Amino acid sequence: MNKRLSLLFVAQALYFQLSAQVQVKQLLTEGLKDPQSIDNVHPRFSWKLSTEQKNTLQLAYEITVMDGKKATWSSGKVASDESLHAPYDGPVLTPGRQYSWKVKVWDNHGHSAASTEPAYFRMGITEWKAKWIEPGYQEAATNRPCPIFKTSFHPGKKVAAAIAYITSHGLYEAQINGKKVGDGFLTPGFTSYNKRLQYQVYDVTNLLQPGDNDIQVTVASGWYRGTIGWGTDKYGKTLGVLYQMEVTYTDGTKETVISDGNWKSGTGKITYAEIYNGEWQDNRIETTNWSGVKVIDIPMNNLVASMTPPVTKQEVFSNIKRIKTPAGEDVIDFGQNLSGFVHFKASGHAGDSIILEHGEILDKKGNFYNANLRTAAATDIFVLSGKGEEYFEPHFTFHGFRYVRVKTKAKMTNIEAVATYSNIPATGMFECSNQMVNQLQHNIQWSQVDNFVDIPTDCPQRDERLGWTGDAQAFVQTATFNREVNTFFTKWLRDLAADQLKNGSVPFVIPNVLGDDASGSAGWGDAATVVPWTMYEVYSDKRLLENQYPSMKAWVDFIQLNSPKNMWATGSHFGDWLSYKSENRSADTYTYITTQCYYALSTQLVINAARVLGKQDDVEKYSSLLKKIKDAFCAEYVTPNGRIMSNTQTSYVLALAFDMLPENIRPMAAKHLADDIAGYNNHLTTGFLGTYLLSNTLTRFGYTDVAYKLLLQDTYPSWLYPVKMGATTIWERWDGMKTDSTFQTIEMNSFNHYAYGAIGDWMYKNIAGINMDEGSTGFKKIKIMPRLGGNMTYAKASYESGYGKIAVDWKIKDGKTFVMDVEIPVNTTAEVYVPGKEGKEAVGSGKYHYETKL
Ligand code: BGC
């Protein structure tokens, strides 16, 4: 062998050795990268493994938590294949202190490796030195300008570190020396403020300077006291700030800067800001009339650390079309229905104004349309100072829009739309050979992010934008494919439990801004059971299940209390909201069919949770209740041949999906469902409750071909009809825009509602074939099972699970050969079903290639 060749062999051997070496990466604490505020005294750690070597599993791990250079705790070598949510179990962690941690793992090929980059986490604080402060001046009665609170700080020595803890009554934006603190928007977020108010933690070391430091916090009404849910002052009447900054000097001494009676308050450029109505800024205003502040003494036991990333700026749309509409108006088209705002530069005379009105769609004639926003003015007004080029962007509002009507004499440049939404990681991509289905996927993803604005909202544009529970529970499964929503829903579920009524009833919206009477609807309140169970399944998050368990149970107990003779046939409910109706035909499902089915579903989920949590008594108690619920259902609503009262698609779907029927009549009921769809010439007729379960139910009972027909249908009502009409997001109604291009009623016609986008789940699972094995959690056991149909010739999808990337990429070559590449992450196993081939193949981690004749 010549020298060159042997060198090549050595290099190759080294490469294989290195790539076979397992690596530890993406360390997360409580699901977040380097979180700055952790309330849980036993934070949980997760990590991912990577290696080129196939069939790699973790055999053991060892976690070490460090306080500076000193080890605080080591887990010791734990024999476990679990790399998600390993809990801290050491001495009490100090509030406000930052710790680092690392992990070493051992795999089944005799390799071991340690994480190379340390991960960090900071404990939240439990005691506040800061005081709540409110404006010291008399606020205007209406159109109140945003208060500004300020102080100045002069560090005595050289600063080593400065950490700021901030929250507010209302929305806040803090600045130090004119620079924004953090990149969050709409902070402190939306929670049930009086019970749970989040604070944010910022490392502001780099914003401080020697000498005087100017600290300012501007506050707006936001969800706290602004107009929300058809009213104002939901949580209080007065805005306020709580600010605490811990400064550590290089000599180790410390100083704390707090909000207190020494601060000043005043108003400035932001003359008005409301979530529904928009923001007004007047650049001519300089704040000169500073007043003192009012210090208020209120309990601080509602303060909690933030557990999910804030809303931040995301995509920017600069490729705009400026049009003159037939009505002669100046309108900008940003090409995408989004949630966020417009920013721009402008020059003109002092006092010139720029008025931006936001709308989602143009009407039949091509004119600007915003009647469907109802009372939400969604109008930003900017007034120029006249001093050169000025820059504008709103701070305390967001709009759901694709179009903006502009009224101004000033010259505007650099006009861009900025999407703003919760900064949670994207996890899924899906693509296939049908371009309309790809647009549908695009629309689903956009409706998801547009409505994940700190809470899961129904819509981002009209006078609503509330945490509607029914919409969230219908969409949650799809949401998990597209984004990492574990922390997002953990936060929201805390508010759900906090706002749950004493009798266990669940409000229609969370946080509950509609009052206690607005509660207790089937299919909506079930978010209390469906969302925690989904989080447990998808993310293997047992602690969340444990925390939510009392809330899950309370919801079922509430239903039981309202269900004499085991029949939930009382109260008013939204039912199969917005299902198909035409002049001579409608697909109304009797409401008390939906209630009974959801009673069973929630009871089943409590049983599942009780099993996981080892609560055997509850397993037995609720199992015997479940049997009675199903018996009562069948006795009242089902014929011996599987006909179900109402005879609608939704009645069959709910009964089948929630296992309401004895096994022997399920096939008959499924046939009735398929026949009904055929009777509507391959159209769905379902509303909010039936739609998200429809396709998975068809597939489960052997009607994937029918599911494909529904998916590819492009006439009303169908998923592709809005796509055909030019939608860039999911519509609230199947016919938001009718076939003659006129609109549905202005009362209820959002063009950005994710509920019907729940078909995304079926697409990932069946077209691409990415599934979790039944009984598994966190995608530890994967099932790859693409189902061919709908003339699809290729599909490509990936999902970033807690263990790593699962990917499928298949195509049909020359119409007869099925070719598929599959990627399975380290520390998981999979079963792969290849179309055209009998049986399944069990594989471990790695990349696999398949080819079969069809
Ligand atoms: C919301 C829905 C919600 C519904 C309750 C509407 O106003 O926009 O999405 O679920 O009310 O039926």
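The following paragraphs describe the ligand site, the salt bridges, one bent helix and one buried asparagine in a predicted model.

The ligand is surrounded by Asp 458, Arg 462, Glu 464, Trp 468, Asp 471, Trp 524, Phe 574, Trp 577, Phe 688, Glu 732, Met 748 and His 753. Sorted by class, this shell comprises six nonpolar residues, five charged residues and one polar residue. Oxygen atoms of the ligand are approached by polar side-chain atoms of two aspartates, with a separation of 2.7 Å for Asp 458 and of 2.5 Å for Asp 471. In the case of Trp 524, an N or O atom of the side chain is placed 3.0 Å from a ligand oxygen. The ligand, which taken alone would expose 310 Å², has 96% of that area buried by the protein.

Some residues of the ligand shell also take part in ion pairing, since a network of salt bridges links Arg 374, Arg 462, Asp 463, Glu 464 and Glu 732, and Arg 462, Glu 464 and Glu 732 are among the residues around the ligand. Across the model, the number of salt bridges comes to 34.

Three further pairs illustrate the settings in which such bridges occur. Arg 44 and Glu 30 form a salt bridge in which the closest N and O atoms are 3.1 Å apart. The two partners are 14 residues apart and come from distant parts of the chain, with Arg 44 in strand S2 (residues 44-50) and Glu 30 in the loop between strand S1 (23-29) and S2. Both Arg 44 and Glu 30 are buried.

The salt bridge between Lys 627 and Asp 631, by contrast, lies within a single helix, H9 (residues 616-637), where the two residues are four positions apart and therefore separated by about one helical turn. In general, an α-helix has 3.6 residues a turn, so residues three or four places apart point the same way. The closest N and O atoms of Lys 627 and Asp 631 are 2.7 Å apart. Lys 627 counts as exposed because its relative accessibility is 54%, above the cut-off of 50%, whereas Asp 631, at 42% relative accessibility, counts as partly exposed.

In the third pair, the side chains of Arg 666 and Asp 659 meet in a salt bridge with an N to O distance of 3.6 Å. Here the arginine is the covered partner: Arg 666 has a relative accessibility of 13% and so counts as buried, being under the limit of 20%, while Asp 659, at 28%, counts as partly exposed.

Helix H12 (residues 688-700) departs from a straight course, with a bend of about 45° at Leu 694. This helix is mostly covered, as 11 of its 13 residues are buried. The buried set includes Leu 694, the site of the bend, together with its neighbours Leu 693 and Ser 695. Phe 688 likewise belongs to the buried residues of H12, and this phenylalanine is also one of the residues around the ligand.

Asn 213 is located in strand S16 (residues 213-220) and counts as buried because its relative accessibility is 0%. The side chain of Asn 213 makes polar contacts with the backbone at two places, reaching the nitrogen of Gln 209 at 2.8 Å and the oxygen of Gly 211 at 3.1 Å.

Terms used
Residues numbered from 1 in each chain as written. Predicted model: local features only at pLDDT ≥ 70, side-chain atom pairs only at ≥ 80, totals over all residues. Heavy atoms only, no water. Near = heavy atom within 4 Å. Polar contact = N/O pair within 3.5 Å; in protein donor to acceptor, adjacent residues only side chain to side chain. Areas by Shrake-Rupley, 256 points an atom, 1.4 Å probe, with all protein chains shown as cover. Nonpolar A, V, L, I, M, F, W, Y, C, P; charged D, E, K, R; others polar. Salt bridge = Lys/Arg side-chain N within 4 Å of Asp/Glu carboxyl O. Buried < 20%, exposed > 50% of the residue type's maximum accessible area, 1.4 Å probe, protein only. Bend = angle between axes of the 7 residues up to and from the residue.
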